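Open your viewer, keep the sequence panel to hand, and let's take a walk through this model together.

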Amino acid sequence: MSFEGYKDVIEEGDSVILYLTITQVYCVKAQPKIVNKKGNLVDNVFQTPFGALKCFDLIGKYYGSKISLSKGWGYVMQPNPELWTITLPHRTQIIYTPDISMIVLQLEISPGSVVIESGTGSGSLSHALIRAVKPHGHLHTFDFHEDRVKTARDEFQEHGFGKYVTVKHHDVCVNGFGDDLDNKADAVFLDLPHPWLAIPHTVKSFKDTGGRICSFSPCIEQVQKSCLILSKYGFQEIQTTEVLQTQYSVQQRTLPVLNLECLKVSKEEAELEKQIKRDVTKVMSAIPPASVPGHTGYLTFATMPPVWARNVQLNLSDIDDCNNE
Amino acid sequence: MENANEDTNKIKVGDFVIVQRQGYTKLHKIKAQSNLILGSFHIEMDNVIGERYFDTFQMKNTSNSKKFYTLEKVNEVNSVVESLNIEKSGTDNRHIQVNAESQGLSKEDIDKLKDEQFGSSNIVEQLVNNSKTFNMKTEYSQEKYLKKKEKKYFEYIVIRRPTIRLLAQMFYRQDPTKTLGIRVDDLSQILNHANIHPEGNHLLYDSGTSGLLPAAITNLIGSKTEGHLIHMHPGNECQKNAFMAMQFPQEQVERCTNVNLYSVLRCFYQNKDSYKKTQDTEIDNSCEEPAQKKIKVEDGEEQLPKKSWQIDNERACRILSNRVDSLIITSKEHPVNITKELLQFLNGNRQFVVFNILKEPLMDLYNYLKSREDIISIRLCNNFMRNYQVLPERTHPEVNMCSGGYILTAYKLSC
């Protein structure tokens, strides 16, 4: 239940984030036993680089407190969608926080919104969507892979998000989103290999007041097809964008300084001067990593106008963000 | 239910609307009689009242003045690109010469056309007919020419209901300093990293984003929830353009408390009695003994009635003394002192976000936070965002890009 709201104390069954260093962050479950890969029930012991952690011992500890390990220490934190994204078990490719943030804002989701997502995948985006729609809203998420549907459903339940989400096993490209979602959605998110097959089905799912759609595609050919279909089905403000993030490491570096002044005087004098001066300087710098992800996916956003404005085919797609007065 | 929906979708006097002409947007407050200046156009806005959001209006010339236009609601629009019958296209530009004579119409001729009946379909057709080179252009180049001209003489506008997305894009396009340089992707990440649940108490220090940050957080807290935002600002009055534009319901507006940074902290440190006492009377009303109550009333008679800013300060201090669940700092000022001061109000096991347009102040903050033992997972990042033109055979990144600011995120431990 540990994703819902803000929590102070770890309870049995909670998912807990174990933070060791900035690159060593894990998610463990505060329960005495766990099912291993072979399907047997075993003691829930998590091996960290700093020693083993008996996960059962976490129960009763405060979130945000320090815990000792045999060869060091770590911190236990309450999970949230951002920490979940970096620790979740990958069942598919996942969407990361820079894209997730943009999706939530551009889809104009707020508490009370009804959102459709397909596919569910590993549930990275779903957690952020649920946080944004609760407590009055709902997420309807679809995947055509039966096991993923089941795992995701269990996960949402365990995380305390069960009542805000409906997970369905369904191929939306073939079957659409179902009649029960007609005129229900404020926003639709598609992460599909063939989004242009699902886009026509989304039209009737939108509320009469219209809404926003987003399609995430890694390849530009998918984007081109999707944009044509979006425009054909009356979507407006069609805009494709990409967001990439660079994380900096703040470091002090020591650089040697060459003394070229000494060349202007005799060798003896220069020797004297050299002894007095230290020939290094310190600079504070924010250093990007040697290699950063250069591409995740293209985000294509569009607006479905309200019913009374759907007949007016107006080209609103020329949104120009940058100083184009 | 249907009726209620009808009403909220109607444009009423007093509403804030976003007027959209192609990619250009402007915020406007609807009055019984009002004009809007949109670029070089003066538009009389009266005819939008009573119509619905997302309706399209055509700008019509008025007889009395050249620059004045009235609006007429339309149910269809003429697209130049589609209505124009292009007979001939060239294969490349080898025969096209650039000179002043390629366009047969003079500026005066065009102005005359504009005054007779402003509109892209009319003017662009004339431009094309009088162009000596149009038929030599390639098909793609013709389309580009038409789009460019259509944009210039476009006579339709759409009235939109303000949303955080539209406001963020509008302010940033008008002038990035209006939002302290916070671009839409920066905003999205600031909000996401602050882990704002609708039920928590949230603290924001904002030195001027045209009200975008308080509006965006209030929007995430949502209506009919328990969440509360304390918005600290450095001046006498906070900026609230975007907040007003969102037209939140009253109960939601009341859960955003705007306080001056200095005055609220002075109250917190030096006037502890004021807010603690009020808390008692407010919360323990039911179980309080009548005798005690009487004394308090007598005490109160001596005092002047409290000013609204004092009440806000006390309300904010009560929440602060119970600590908050998220902290966002978007400041013009150097962030170290502000963060140092406000971090004490953040609960343990919570995250906080600091934005600055410059990297160096956040590097200072990074080093300060590193020296503290109760802060972990400090990350400093910035974003690269670019938009794409997606057209058949002509897909490429857009020509113009802009650089965003820097975001620092970290977690506070509970110890």
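Before the first stop, one convention: contact, or touching, means heavy atoms within 4.5 Å. Keep in mind, too, that this is a predicted model.

**Stop 1: a core around Leu187(B)**

Select Leu187(B) and show its surroundings. Setting aside residues up to four places away in sequence, Leu187(B) touches Leu105(A) from chain A, along with Ile164(B), Ala168(B), Ile182(B), Leu212(B), Leu213(B) and Ala216(B). Now widen the view to the largest nonpolar core, which has 70 residues. Which of its residues touch the most other members? They are Ile103(A), Ile109(A), Leu167(B), Leu187(B) and Ile217(B). Colour helix α8 of chain B, residues 212–221, next: this helix supplies seven residues, the largest share of the core. Apart from this core lies another one, of 41 residues, and you can find it by selecting Tyr248(A), Cys267(B), Tyr368(B) and Ile375(B), which are among its members. As background, nonpolar side chains in soluble globular proteins tend to be buried together.

**Stop 2: a β-α-β unit in chain A**

Move to chain A and select residues 138–143, strand β10, together with residues 165–169, strand β11; the two pair in the parallel sense over five bridges. To check the register, look at Leu139(A), which stands opposite Val165(A) in β11(A). Then add helix α4, residues 146–158 of chain A: with β10(A) and β11(A), this helix makes a right-handed β-α-β unit.

**Stop 3: Asp143(A)**

Stay in strand β10 of chain A and pick out Asp143(A). Is this residue buried or exposed? Asp143(A) is buried, because its relative accessible area of 4% falls under the 20% cut-off. Not counting residues up to four places away in sequence, its contacts include Gly119(A), Thr120(A), Arg148(A), Val149(A) and His169(A). Draw a distance from the backbone nitrogen of Gly121(A) to a polar atom of the Asp143(A) side chain, and you should read 2.8 Å.

**Stop 4: Ser124(A) and an annotation**

Finish at Ser124(A), in helix α3, residues 124–133 of chain A. Ser124(A) is buried as well, with a relative accessible area of 3%. Beyond its neighbours within four places in sequence, Ser124(A) is in contact with Thr85(A), Leu88(A), Ile94(A), Ile95(A) and Ile100(A). With Thr85(A) there is also a polar contact of 3.1 Å between the side chains.

Finally, highlight Ser122(A), Gly123(A), Ser124(A), Leu125(A), Asp143(A), Asp171(A) and Asp191(A): the unreviewed UniProt entry annotates these residues as "binding site".

Definitions and conventions: Residues numbered from 1 in each chain as written. Chains lettered and ligands numbered in written order. Predicted model: local features only at pLDDT ≥ 70, side-chain atom pairs only at ≥ 80, totals over all residues. Heavy atoms only, no water. Pairing = 2+ DSSP bridges. Helix = DSSP H or I, 4+ residues; strand = E, 2+ residues; numbered from the N terminus. Right-handed = clockwise from strand over helix to strand, strands pointing away. Core = buried A, V, L, I, M, F, W, Y, C linked by side-chain atoms within 4.5 Å. Buried < 20%, exposed > 50% of the residue type's maximum accessible area, 1.4 Å probe, protein only. UniProt positions renumbered as here; feature names shortened; annotations may be inferred. Polar contact = N/O pair within 3.5 Å; in protein donor to acceptor, adjacent residues only side chain to side chain.
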